Amino acid sequence: MSNHRASRAQARDLTASALALVIMLMACAKTPAVPPEPQPPAPAPAGPRVIFPDGFAVRVEIAADDELRAQGLMYRTALPPETGMLFFFAEEEEHAFWMKNTKIPLDMIWIDSNRRVVHVKHDVPPCEVADCPSYPPGVPSRYVLEVAAGVARQHGLAAGDQLTFEGTENVVLR
C-alpha cells in the first residue's frame with residue numbers, strides 16, 4: 001500500500017509540474033499582436049500660428065531681428081504646408097524680399113498692421129545664384145508670411161483678407 005500511495009503522490013507531483021510547465025510555456029509563447037485601437041490625432045503643437053480666413057492654421061517660426069530676417073528660410077530643403085515663417089518689422093513700409101540660397105519655392109504674403117493681406121506673390125522660385133531677383137510688394141506692410149508654394153492659392157488667400165495671429169503677443173523686435 002505504501003508503494004501505491006507513493007506512486008499516486010509522485011503522479012500528482014508530476015501532473016502538477018507538467019501543468020505548471022504548460023502554463024509557463026503558454027505565458028511565454030508569442031500570441032498574435034492585437035492592433036491598438038485608433039487614437040485621435042495629437043493636438044497641434046503649441047506656438048505661434050497664423051490663421052487664414054478659411055480656418056487653415058500655419059504654425060510659424062518668428063523672424064523678429066535682423067539676423068533671423070536675413071537668414072529667413074535659406075538652405076531649407078522642405079517646408080510642410082502647415083508651417084512657415086512670419087517676419088516682423090518695426091515699421092509699416094515696403095519690404096522687398098528675395099530668395100537667395102532658398103532651395104524651395106514659396107508663397108510670400110505681405111500683411112499690414114491690421115493683419116490684412118496687402119499683397120500675395122505666388123510660387124516664387126528658389127534662387128541659388130549670386131544675383132537673385134527682388135520681389136517688392138508695391139505697398140507698405142508690417143509683416144511678411146512665407147509658406148510653401150501653392151498654400152496661398154489652395155486656401156484662396158488674396159489682398160484684403162483678414163488674418164488672425166495667435167501666440168505672437170510677446171514677440172519683441174530686436
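Hi everyone. Let me start with the one cut-off we need today: a residue is called exposed when its relative accessible area is over 50%, buried when it is under 20%, and partly exposed in between. Please keep in mind that what you see above is a predicted model.

Let's begin with the charged pairs. How many salt bridges does the structure hold? There are six salt bridges, and I'd like to show you three of them, including one inside helix 2.

That one joins Asp 66 and Arg 69, with 2.8 Å from N to O. Both residues sit in helix 2, three residues apart, about one turn of the helix. Which of the two is buried, and which is exposed? Asp 66 has 57% relative accessibility, so it counts as exposed. Arg 69 comes out at 18%, so it counts as buried.

Now step back one residue to Asp 65, which makes a salt bridge with Arg 174, with 3.7 Å between the closest N and O atoms. Asp 65 belongs to the loop between strand 2 (57-63) and helix 2 (66-71), while Arg 174 belongs to the segment after strand 9 (164-166), so this pair ties together parts that are 109 residues apart in sequence. Here too we have a buried partner and an exposed one: Asp 65 is buried at 15% relative accessibility, and Arg 174 is exposed at 64%.

The third pair is Glu 128 with Lys 103, whose closest N and O atoms are 3.0 Å apart. Glu 128 is in the loop between strand 6 (117-124) and strand 7 (134-135), and Lys 103 is in the loop between strand 4 (97-98) and strand 5 (106-111), so the bridge ties together parts that are 25 residues apart in sequence. Glu 128 is exposed at 53% relative accessibility, and Lys 103 is partly exposed at 34%.

Let's go back to Arg 69, because it leads us to the largest pocket, where it is one of the residues nearest the centre, along with Ala 70, Phe 87, Phe 97 and Trp 98. The pocket holds about 220 Å³ of space, and 18 residues line it. Where does the lining come from? Helix 2, strand 3 (83-93) and strand 4 each give at least two residues, and helix 2 provides the largest share, with four. By class, the lining has ten nonpolar, four polar and four charged residues.

On to the interior. In soluble globular proteins, nonpolar side chains tend to be buried together. Here, the largest nonpolar core has 38 residues, and those touching the most other members are Val 50, Phe 52, Leu 86, Ile 109, Ile 111, Leu 145 and Leu 163. Strands 2, 3, 5, 6 and 8, together with helix 3, each give two or more residues to this core. Take Leu 145 as an example: leaving aside neighbours within four places in sequence, its contacts include Val 50, Phe 52, Leu 86, Ile 109 and Ile 111, as well as Asp 107.

Asp 107 turns up again at my last stop, Ala 149, whose contacts beyond four places in sequence are Pro 105, Leu 106, Asp 107 and Asp 123. Ala 149 is in the loop between strand 8 (141-148) and helix 3 (151-154), and at 29% relative accessibility it is partly exposed. Its C-alpha atom is 9.2 Å from that of Leu 79, which is 70 residues away along the chain.

That's my tour. Thanks for listening!

Key. Residues are numbered from 1 along each chain as its sequence is written. This is a predicted model: local features need pLDDT of at least 70, side-chain atom pairs count only at pLDDT 80 or more; totals for chains, interfaces and linings use all residues. Side-chain values use heavy atoms; hydrogens and water are left out. A salt bridge is a side-chain nitrogen of Lys or Arg within 4 Å of a carboxyl oxygen of Asp or Glu. Buried means under 20% relative accessible area, exposed over 50%, partly exposed in between (1.4 Å probe, protein chains only). Contact means heavy atoms within 4.5 Å. On a 1 Å grid over the protein atoms alone, a cavity is a set of points where a 1.4 Å probe fits but cannot get out, and a pocket is an open set with protein on both sides within 12 Å along at least five of seven lines; lining residues have an atom within 4 Å of a point. Grid points are joined across faces, edges and corners, and a volume is the space filled by probe spheres set on the points. Ala, Val, Leu, Ile, Met, Phe, Trp, Tyr, Cys and Pro count as nonpolar, Asp, Glu, Lys and Arg as charged, and the others, Gly among them, as polar. A nonpolar core is a set of buried Ala, Val, Leu, Ile, Met, Phe, Trp, Tyr and Cys residues joined through side-chain atoms within 4.5 Å.
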